[in-house]
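Let's take a walk through this model together, one strand at a time. Have the viewer open and follow along.

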Amino acid sequence: GKAGVDIDLAFDGHTVLYEHDGNPFTMQDLAALLSGGSSKEFESTETIGRFGTGFLVTHVLSPQISFTGVLAAEGGAEEVSILLDRAGDEEDIFKNTARCYQAIEAASKLPSLDGRKTARFQYETDNPQAARIGVEAFCSTLPYLYGTCEHLGTVRLRNDAGISWRFVPEAAAEREFMGLHLRVRRFTLTEGDGVPRTLSAVRLRRRHDSSSSLVAVTEHAGD
């Protein structure tokens, strides 16, 4: 199967579009996505840890989020389209959550995934500065994420100035080094139509399963 999750993030000055081709959503994933801490009716231990406060932070872009994703249903893959609306009071949010569940029940069958993106989040934002900061922060953080996120694949970014970046990783290499565990993952970074730069994300741990680590990024000057 596919080794990594590819991500696309683009901002055109008004719309932020985030897509990936990771695993299809489960009903538990969608429940966590919808609850967002807005209603105790939908809280449970099973939804903790996915689409929590991290996802809620993205509402700084817009209280309304258009989401289209692939649901792993019992009868096969289905496409779900919902409008998450966090505007209004608790009652308004609860009503929107109920409408979203109705939309999930009306999901359409998919004959196959065929390379389809499994998630698409679209924000119509009136806070362009927050979007610019987000794209810039993601771009500067990505090199280090290749050291910690083993399933992170190709990432494409574009900002509202028309500047694009493309990160393409290789498989990681792991070995012992001076009694420590070393994991090195090379990747190329291409800005626009420029010449690709080759970098490496290096992760150093006491053991291969240690929770703490040191991550550094190095650039290759030449072959």
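Which residue in strand 8 is the bridge partner of Val 155? That partner is Phe 167. Please keep in mind as you look that this is a predicted model.

The pair is a good way into strand 7, which covers residues 152–158. Strand 7 and strand 8 (residues 164–169) run antiparallel and are joined by 4 bridges. The two strands form a hairpin with 5 residues between them. Within that hairpin, have a look at Gly 162, which takes a positive phi near 85°.

Strand 7 also pairs with strand 1 (residues 5–11), this time in the parallel sense and over 5 bridges. To find this pairing in your viewer, start from Asp 8, whose bridge partner in strand 7 is Arg 156. As for its surroundings, strand 7 has 5 buried residues out of 7, so the rest of the structure largely encloses it.

Now let's move on to strand 11 (residues 197–205), where you will find Arg 203. What is the nearest side chain of opposite charge to Arg 203? It is Glu 150, 6.9 Å away. Because a salt bridge needs the charged atoms within 4 Å, that separation does not qualify, and Arg 203 is buried without a salt bridge.

The side chain of Arg 203 does make a polar contact, at 3.0 Å, with the side chain of Ser 213. Leaving aside neighbours within four places in sequence, Arg 203 is in contact with several residues, among them Gly 147, Thr 148, His 181, Leu 182 and Arg 183. Ser 211, Leu 214 and Val 215 are also in contact with Arg 203.

Technical notes: Residues numbered from 1 in each chain as written. Predicted model: local features only at pLDDT ≥ 70, side-chain atom pairs only at ≥ 80, totals over all residues. Heavy atoms only, no water. Buried < 20%, exposed > 50% of the residue type's maximum accessible area, 1.4 Å probe, protein only. Lys, Arg positive; Asp, Glu negative; His and termini not counted. Polar contact = N/O pair within 3.5 Å; in protein donor to acceptor, adjacent residues only side chain to side chain. Contact = heavy atoms within 4.5 Å. Pairing = 2+ DSSP bridges.
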